[in-house]
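Hi,

Here is the structure I promised to pass along. Have a look at it first, and then read on for my notes.

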Amino acid sequence: MCFSAQASLLAGTGLTAVGFVSIRQARTLPSDRLFATIPTVFAAHQLIEAAIWIALPQVPKPPHTPLLSYAFTFVAFCLWPVLVPFSVFKIEQQPGRKRFLFWSCVIGGIVATFFLVCLIVNPPNAQIVKHSIRYRMHY
């Protein structure tokens with residue numbers, strides 16, 4: 001969301017409720033379970049960002065601030081590129097689309113691996129700039 005701690009908390013709370021309902025509804029179809037986790041992962045992503053909003057203005061910064069930055073950027077750059085195409089791949093039944101989604105998973109895996117190496121080598125730096133959070137990563 002990148003607007004404020006309140007916006008991220010509100011979004012995270014609402015998405016948590018949607019996520020629990022989605023997961024509960026997906027119990028009947030095992031192939032849908034991974035796809036049903038997307039709102040819950042997004043909720044966690046928003047709640048991590050809310051914690052970053054709260055931590056950044058503090059002087060000195062809390063010791064967990066770098067861990068929150070790692071967690072946020074890991075979800076954004078490493079988890080999403082793999083989770084979304086793979087969860088759709090699992091539920092798709094048409095062979096042509098499934099083949100396209102397979103290659104989307106491969107590309108997502110390559111992108112995620114690249115950014116994982118970037119995160120390991122160069123830690124991300126989060127800072128508030130105007131009304132958003134800037135996550136600096138060095139590639």
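Before the cysteines, a quick word on terms: a residue counts as buried when its relative accessible area is under 20%. Cys-118 comes out at 7% relative accessibility, so it counts as buried. Cys-78 is also at 7% relative accessibility, and therefore counts as buried too. Keep in mind that this is a predicted model.

So what about disulfides? The count comes to 0. A disulfide would need a pair of cysteine sulfur atoms within 2.5 Å. For Cys-78, the nearest cysteine sulfur is that of Cys-118, 8.7 Å away. Looking from the other end, the closest cysteine sulfur to that of Cys-118 sits in Cys-78, and 8.7 Å is too far, so there is no bond.

Now the general layout. The chain has 5 helices and 2 strands, and from the N terminus on the elements run α-α-α-α-α-β-β. Along its principal axes, the C-alpha trace spans about 55 × 35 × 25 Å. The chain has 139 residues, of which 35% are buried. As for the surface, the accessible area is about 8600 Å², and 71% of that belongs to carbon and sulfur atoms. On contacts: among those with a separation of 6 or more, 62% are between residues 24 or more positions apart.

Then there is the packing inside. The largest nonpolar core has 11 residues, including Ala-5, Trp-53, Leu-56, Ala-126 and Tyr-135. Three elements each supply at least two residues of this core: helix H3 (38-55), helix H4 (65-91) and strand S2 (132-136). Which of them gives the most to this core? That is H3, with 4 residues.

Ile-48 is one of the residues of that core, and a handy place to start if you want to click through the contacts. Leaving out residues up to four places away in sequence, Ile-48 touches Leu-68, Ala-71 and Phe-72. Leu-68 and Phe-72 are listed in the largest core as well.

Apart from this core lies another one, of 6 residues. Cys-78 turns up again here, along with Phe-115, Leu-119 and Met-137, among others. That ties back to the cysteine part above: Cys-78 is in no disulfide, but it does belong to this other core.

That's what I have for now. Shout if anything looks odd on your side.

Cheers

Technical notes: Residues are numbered from 1 along each chain as its sequence is written. This is a predicted model: local features need pLDDT of at least 70, side-chain atom pairs count only at pLDDT 80 or more; totals for chains, interfaces and linings use all residues. Side-chain values use heavy atoms; hydrogens and water are left out. A nonpolar core is a set of buried Ala, Val, Leu, Ile, Met, Phe, Trp, Tyr and Cys residues joined through side-chain atoms within 4.5 Å. Buried means under 20% relative accessible area, exposed over 50%, partly exposed in between (1.4 Å probe, protein chains only). Contact means heavy atoms within 4.5 Å. Accessible areas come from the Shrake-Rupley method with a 1.4 Å probe; for residues, only the protein chains shown count as cover.
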